[in-house]
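Ready for a guided tour? Open your viewer, keep the selection box at hand, and follow along stop by stop.

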Amino acid sequence: MAAATHGSFDDHHPPAQELLDDCVHCGFCLPTCPTYALWGEEMDSPRGRIYLMEMAEKGEIPLEGAFTTHIDRCLGCMACVTACPSGVQYDRLLEATRPQIERNVPRSRADRLFREAIFTLFPYRRRLRAASLGGALYQKLRPRSMDRLLAKLPRRFERLVAMESLLPPVSVRDAFARTPAVTPAVGTRRGRVGMLVGCVQDVFFHQVNLATTRVLAAEGYEVVAPREQGCCGALGLHAGREEESVARAKALIAVFERAEVDVIAVNVAGCGSSMKEYGELLADDPEWKGRAEAFSAKVRDVSEVLADALADSRAPRHRVDASVVYHDACHLGHAQKIRAQPRDVLRSIPGVELAELPEAEICCGSAGIYNMLQPEAAGDLGRRKADNIRGTGADLLVTANPGCLLQIRKYLEGDLPMLHPVQLLDASIRGVRPPGL
């Protein structure tokens, strides 16, 4: 264990005392916190977790045991950041605390192996493509009795059962396809946009990437998707794996520096959130601090790019008659504060009627790898979100994060089609029927 100079925390970026002091324990965060909504337990609320951080900072409690349990139960959805009237930066506190746990708290062998399995697979497109072959074969041969068999497994297998249930429909053709390295602008070029293709996104949601390139090109942007780009590090960063996230951030910055783009468009909410924070992640590195800040200044969610283009839109929209409910992905709505732009883009489609979602601020339970690590809580939240979606009576759900799509798909059980917003816009521009409708 590293030498402790901050109570139970080590001296590498512990939660800052001035950020802890910002919390006045008013309780405005409580109604928006998913785990507090589920259990009503003070230590599973933002202010309760901040209180635990304060106690650990003073050395009054160890990091092992209850402290780790309650921090692990946090989804990191940042709904509390939106709700807080005092401007408490819980996101920064959590991102400082989780690496402390990963460095200093020994996990059980089963927990450690499961987490390592996730991070040995998901950040690597080649490994995901190889896994997609097995996934496609499994889905083809999966017996109807499998659900009953899985339900009978002992509780110690609940994480594996959750992972199996989240497997998306696998298309081997899409999994092995590549996003074009360069997509020329339609008509006069108005800018050069770099595009993050992602890991899970490019393998299992390849059609979203293709729709993104088509929409941006139709609006006059040249789209550059460098083949050598790797994982952005978001999944690891949100789980406290700081060292590997730093390495991935540096590699991605270097790739897009060489690409010489005006803007870097991201169609995955969690990735965009982390990429906008590279300046903070690399703040201690004199060689990379300025480069990271310059990179983050260029990062924009694809809905931001498209919303800015609405005033001078070049791509005619065809009518899509549908009632659409938009689900705010937490790392888009709460972390990036992007709410109006996706709705503005959707409203630019003739015929679309937007329905608002009750309890929109409550997370669906996906939260990166949370639905695999904490499947029971994630299941309660997923069912709650699905019930709210059904209650809108909408024809179609759209959301801007692959994790949300997988989580909600599991609990909607095929009740209505689900798309990324750019897929709906792409269908409108091309004059084709949106997938699933």
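Begin by selecting strand 4 and strand 5 (residues 221–224), which run parallel and are joined by 4 bridges. Two strands count as paired if DSSP finds at least two bridges between them. Helices (H or I, at least four residues) and strands (E, at least two) are DSSP runs, numbered from the N terminus.

Before moving on, a word about what is on screen: this is a predicted model, in which local features need pLDDT of at least 70 and side-chain atom pairs count only at pLDDT 80 or more, while totals for chains, interfaces and linings use all residues. Residues are numbered from 1 along each chain as its sequence is written, and side-chain values use heavy atoms, with hydrogens and water left out.

**Stop 1: the sheet around strand 4**

Zoom in on the pair you selected and find Gly 194, which stands opposite Val 224 in strand 5. Now add strand 6 (residues 263–266), which pairs with strand 4 in the parallel sense over 3 bridges. Here Val 193 has Val 263 of strand 6 as its bridge partner.

Is strand 4 enclosed or open to the outside? Of the 5 residues of strand 4 (residues 191–195), 4 are buried, so the strand is largely enclosed by the rest of the structure. Buried means under 20% relative accessible area, exposed over 50%, and partly exposed in between (1.4 Å probe, protein chains only).

Widen the selection to the whole open sheet: it has 5 strands in the order 3-5-4-6-7, with mixed pairing. At its edges are strand 3 (182–183) and strand 7 (299–301), each pairing on one side only. Strand 3 runs antiparallel to strand 5, and 2 bridges join them. Thr 183 has Val 223 in strand 5 as its bridge partner.

Next, show helix 15 (residues 242–259), which packs on the sheet and touches strand 4, strand 5 and strand 6. Its direction makes about 155 degrees with that of strand 4. Contact means heavy atoms within 4.5 Å. Axes are lines fitted to C-alpha atoms, for helices over the stretch in contact, and angles run from 0 to 180 degrees between N-to-C directions. Then add helix 18 (residues 289–298), lying across strand 6 and strand 7 and running at about 25 degrees to strand 7.

**Stop 2: another open sheet**

Select the open sheet of 4 strands with the order 9-8-10-11, where the pairing is parallel. Its edge strands are strand 9 (352–355) and strand 11 (418–419), each pairing on one side only. Strand 10 (residues 396–399) runs parallel to strand 11, with 2 bridges joining them. Look for Val 398 opposite Leu 419 in strand 11. Helix 25 (residues 421–430) lies across strand 8 (322–327), strand 9, strand 10 and strand 11, at about 120 degrees to strand 10.

Pick out Ser 323, which lies in strand 8. Ser 323 is buried, with a relative accessible area of 18%. Which residues does Ser 323 contact, leaving aside its neighbours within four places in sequence? They are Glu 353, Ala 355, Ala 394, Asp 395 and Leu 396. Try the distance tool too: Ser 323 and Leu 354 are 31 residues apart in sequence but 6.0 Å apart in space, C-alpha to C-alpha.

**Stop 3: a cavity**

On a 1 Å grid over the protein atoms alone, a cavity is a set of points where a 1.4 Å probe fits but cannot get out, and a pocket is an open set with protein on both sides within 12 Å along at least five of seven lines; lining residues have an atom within 4 Å of a point. Grid points are joined across faces, edges and corners, and a volume is the space filled by probe spheres set on the points.

The largest cavity holds about 140 Å³ of space. Of its 17 lining residues, select those closest to its centre: Cys 23, Cys 29, Ile 50, Cys 84 and Val 88. Helix 3 (46–57) and helix 5 (79–83) each supply at least two lining residues.

**Stop 4: a pocket**

Finish at the second largest pocket, with a volume of about 670 Å³. Closest to its centre, among 25 lining residues, are Val 161, Ala 162, Ser 165, Lys 410 and Tyr 411. Helix 23 gives the most to this lining, with 6 residues.
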